[in-house]
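Grab a pencil and have the viewer open. Try each exercise yourself before you peek at the solution.

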Amino acid sequence: MFVSFIPKRYSSLKLILYGLILMGSATMFLGIFRALPLMIIISFFIGFGNALTNIPLSIFLQQTVPNDKLDIVSSFIYTMASLGAPVSLSLGRFLSDKIAPQILITATGFLVLFLVILVLSSSKLRRVKKSF
């Protein structure tokens with residue numbers, strides 16, 4: 001597996017949060033730097049963060065959801081993600097008319113980082129860690 005080289009001492013939840021931190025930071029830098037080689041490198045980090053987030057989440061779902069219900073749960077998750085795409089594209093188009101795209105991309109990175117830090121500081125996370 002892609003993330004199998006990462007030591008087992010990292011829990012799935014930590015990998016997901018580290019992936020989100022990496023994606024948020026890289027997205028923030030994507031809005032700051034405009035040189036094409038830097039944008040390619042930053043895009044690599046966004047993809048790596050995506051892998052760090054999605055692979056442990058998929059493994060968690062496969063381990064916790066019964067096999068006979070896994071297709072229903074996966075279909076629901078992917079349907080919700082597909083329904084969110086047009087909404088986010090419409091919102092992004094509306095906001096890009098009002099705000100410069102570089103500022104919008106940087107603000108999106110800051111928002112992701114803020115939400116991850118908020119989740120990390122949450123006292124409810126300690127209860128979730130035990131089940132994850």
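**Exercise 1.** Work out how much area the protein chain exposes, and what share of it carbon and sulfur atoms supply.

*Solution.* Keep in mind that you're looking at a predicted model. Start with the total: the protein chain exposes about 9400 Å². Next, sort by atom type: carbon and sulfur atoms supply 71% of that area. Now turn to the inside: of the 132 residues in the chain, 21% are buried.

**Exercise 2.** List the secondary structure elements of the chain in order, from the N terminus on.

*Solution.* Count first: you should get 5 helices and 0 strands. Then write them in order, which gives α-α-α-α-α.

**Exercise 3.** Find out how helices α1 and α4 are oriented relative to each other.

*Solution.* Step one: locate α1 at residues 12-32 and α4 at residues 101-120. Step two: check their axes, which come within 7 Å and cross at roughly 160 degrees. Step three: angles over 145 degrees count as roughly antiparallel, so α1 and α4 are roughly antiparallel to each other. Their contact includes Leu17, Leu20 and Thr27 of α1, along with Ile105, Thr108 and Gly109 of α4. By class, this contact has 13 nonpolar, 8 polar and no charged residues. Last step, the handedness: the crossing of α1 and α4 is left-handed.

**Exercise 4.** Is Thr27 buried or exposed?

*Solution.* First place Thr27: you'll find this residue in helix α1. Its relative accessibility is 18%, and buried means under 20%, so Thr27 counts as buried. Now look at what surrounds Thr27: leaving out residues up to four places away in sequence, Thr27 touches Ile46, Ile105, Thr108 and Gly109.

Note on methods. Residues are numbered from 1 along each chain as its sequence is written. This is a predicted model: local features need pLDDT of at least 70, side-chain atom pairs count only at pLDDT 80 or more; totals for chains, interfaces and linings use all residues. Side-chain values use heavy atoms; hydrogens and water are left out. Axes are lines fitted to C-alpha atoms, for helices over the stretch in contact, and angles run from 0 to 180 degrees between N-to-C directions. Helices (H or I, at least four residues) and strands (E, at least two) are DSSP runs, numbered from the N terminus. Angles under 35 degrees count as roughly parallel, over 145 as roughly antiparallel, 65 to 115 as roughly perpendicular and the rest as oblique. A crossing is left-handed if the near helix is turned anticlockwise from the far one by less than a right angle, and right-handed if clockwise. Contact means heavy atoms within 4.5 Å. Ala, Val, Leu, Ile, Met, Phe, Trp, Tyr, Cys and Pro count as nonpolar, Asp, Glu, Lys and Arg as charged, and the others, Gly among them, as polar. Buried means under 20% relative accessible area, exposed over 50%, partly exposed in between (1.4 Å probe, protein chains only). Accessible areas come from the Shrake-Rupley method with a 1.4 Å probe; for residues, only the protein chains shown count as cover.
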